[in-house]
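Please read these points with the structure open beside you. They go from charged pairs to a helix, a hairpin and the cysteines.

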Amino acid sequence: MSSYDIYQSPLSGRYASKEMLYLFSPAKRSSTWRQLWIWLAEGEKELGLDISDEAISQMKANVELTHEDFETAAAEEKKCRHDVMAHVYAFSKVAPAAAGVIHWGATSCYCTDNADLIFLRDGLNMLLPKLATVIQKLSNFAKENRNLACLGYTHGQPAQLTTVGKRACLWIQDLLMDLRNLERARSDIRFRGVKGTTGTQASFLSIFNRDHSKVEELDRLVTKKAGFESAYVISSQTYSRKIDVDISNALSSLGTTCERIGVDIRHLAMLKEIEEPFEKDQIGSSAMAYKRNPMRSERMCSLGRKLANLNKDAADTYAVQWFERSLDDSAIRRISLPEMYLCADALLILLNNVSSGLVVYPAVIQHRIDLELPFMATENIIMRLVARGGSRQEAHEHIRVLSHQASDVVKKEGKDNDLIERIRKDEFFKPIAGDLDELLDASTFVGRAPQQVEKFTGPEGEVQTALKPYAEALAANETTELRV
């Protein structure tokens with residue numbers, strides 16, 4: 001049967017990176033279990049248990065599974081209905097000298113949960129540099145466009161001017177929150193370690209003849225071998241599923257940010273002010289050949305929405321765990337944990353690609369400003385006329401009448417805003433006619449937006465401070481390519 005004849009997740013077939021797909025692959029999962037058994041056996045041997053050098057050697061020689069190993073494990077699981085014991089059986093077949101000591105004192109969650117913690121940690125280590133790279137790219141974009149005035153929008157309606165760079169900083173600030181959340185989630189992850197069937201370490205206490213110090217040392221040794229600084233002192237048969245909730249909340253929060261950014265870019269593309277990259281041979285529509293659909297940002301919204309909702313799987317699963325453990329957590333975690341990381345990975349690939357090639361159209365932006373700025377400038381015009389000796393109330397009434405006339409031209413006739421031309425022709429405003437160009441300078445309407453961008457993204461600003469740990473990844477300045 002061809003791979004085209006069976007369902008494949010779009011996350012694996014279309015969106016996620018090879019390195020993230022491998023992290024959650026059967027090969028990585030099963031070989032990590034074997035590595036955990038090796039670390040356990042090494043620790044037990046170091047503490048005096050009778051495990052031969054040959055047993056350790058055979059285990060190490062077979063840490064990577066062959067096709068035959070997987071088939072052996074699959075056949076055994078079909079009989080015993082227990083995945084870990086099936087893999088113990090398959091491992092013992094290729095490491096017969098270790099057959100009696102593989103999994104000694106452990107429970108299934110020694111393999112499954114410790115492996116999951118390794119994957120959760122390593123997955124965050126993959127995602128964080130990718131997120132930092134996106135932030136750096138958007139920061140460069142913000143600095144390049146810090147002075148480019150554009151219409152701000154509140155309630156979906158034109159509002160006071162901002163700048164293209166300042167708007168990008170809104171995205172960056174939210175991504176910095178995600179960076180902080182993911183860093184904290186990663187630093188909080190500890191190893192489950194060797195805890196036994198209900199977390200009491202009773203089996204290991206028995207193996208070491210009630211020598212508590214050796215049980216604690218075994219826990220420390222295996223934790224260190226797995227690359228963790230510490231293990232949870234308290235666990236049940238599993239590590240607390242609250243940890244999944246914590247990590248999923250951070251990842252789901254990233255999903256909301258990605259959808260938020262994608263929505264903004266789609267609206268800007270609709271206004272023809274900013275576009276995502278559009279390749280030479282890219283087709284926007286099968287029917288309308290002229291279309292330049294923002295498919296990257298639309299995909300980003302779709303995957304962001306999916307990721308934003310995946311934390312509910314973790315929360316619901318944690319909430320219904322019984323006492324020391326129940327197995328209703330297993331199947332859902334096999335699906336939702338990889339999906340969270342694959343979604344986040346796919347989103348950061350998209351964000352990198354988009355932020356590497358955003359196209360800005362200053363002429364369109366200026367045209368839209370020209371349509372609205374005359375109305376926004378009326379207060380300044382009134383104040384300038386008063387400063388030249390005019391009446392504030394009379395000026396206000398003249399502006400009111402002319403503004404309504406200009407508004408009718410825009411709304412009823414579909415023409416450009418001609419308020420300024422009407423003001424130029426009105427004798428009442430003759431004393432300030434020469435000041436009108438100055439009063440309509442868009443750069444005077446953006447407040448401190450350029451300075452805020454500079455402070456935020458500059459050498460000692462929040463962005464660069466947060467990105468310092470990722471200098472190596474940022475030096476690569478990688479632009480990701482989409483698979484489809």
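1. A salt bridge here is a side-chain nitrogen of Lys or Arg within 4 Å of a carboxyl oxygen of Asp or Glu. By that rule, R29, D116, D244 and R333 are linked in a network of salt bridges. Bear in mind that this is a predicted model. Across the whole structure, the search gives 35 salt bridges. In general, side chains of opposite charge can pair when their charged atoms come close.

2. Take the pair D219 and K195, whose side chains form a salt bridge with an N to O distance of 2.8 Å. D219 belongs to helix α10 (residues 212-225), while K195 sits in the loop between α8 and α9 (202-207), so the pair ties together parts that are 24 residues apart in sequence. Are these two residues buried or exposed? D219 is buried, at 11% relative accessibility, and K195 is buried too, at 1%.

3. A second pair, R305 and E259, has its closest N and O atoms 2.9 Å apart. This salt bridge links distant parts of the chain, since R305 is in helix α12 (residues 295-319) and E259 in helix α11 (residues 242-270), 46 residues apart. R305 is partly exposed, with a relative accessible area of 42%. E259, at 19%, counts as buried; the cut-off for buried is under 20%.

4. The salt bridge between D408 and K412 has an N to O distance of 3.8 Å. Both residues lie in helix α16 (residues 392-413), where they are four residues apart, or about one turn of the helix. D408 is partly exposed at 35% relative accessible area, and K412 is exposed at 67%.

5. D69, in helix α5 (residues 67-80), deserves a separate look. Its relative accessible area is 5%, so D69 is buried. What does the side chain of D69 reach? One polar contact is with the side chain of R34, at 3.4 Å. The D69 side chain also reaches the backbone nitrogen of T66, at 3.0 Å. Leaving aside residues up to four places away in sequence, D69 touches R34, E64, A90 and V94.

6. In helix α19 (residues 449-457), the buried residues are A449, P450, V453, F456 and T457. Viewed down the axis of α19, these residues fall within an arc of 130°, so they line one face of the helix. They pack against α7 (108-144), β2 (157-163), α8 (164-188) and α20 (462-467).

7. Strand β2 also pairs with strand β1 (residues 149-154): the two run antiparallel and are joined by six bridges. One bridge pairs C150 with T162 in β2. Together, β1 and β2 make a hairpin with two residues between them, and H155 in the turn has a positive phi of about 60°.

8. How many disulfides are there? The count is zero. For C109, the nearest cysteine sulfur is that of C111, 9.0 Å away. The cut-off for a disulfide is sulfur atoms within 2.5 Å, so a pair at that separation does not qualify. C111 likewise is in no disulfide, and the nearest cysteine sulfur to it is that of C109. Both cysteines are buried, C109 at 1% relative accessibility and C111 at 0%.

How values were computed
Residues are numbered from 1 along each chain as its sequence is written. This is a predicted model: local features need pLDDT of at least 70, side-chain atom pairs count only at pLDDT 80 or more; totals for chains, interfaces and linings use all residues. Side-chain values use heavy atoms; hydrogens and water are left out. Buried means under 20% relative accessible area, exposed over 50%, partly exposed in between (1.4 Å probe, protein chains only). The arc is that of the directions from the helix axis to the C-beta atoms. Contact means heavy atoms within 4.5 Å. A polar contact is a pair of N or O atoms within 3.5 Å; within protein, one must be able to donate a hydrogen and the other to accept it, and residues adjacent in sequence count only if both atoms are side-chain atoms. Two strands pair if DSSP finds at least two bridges between them.
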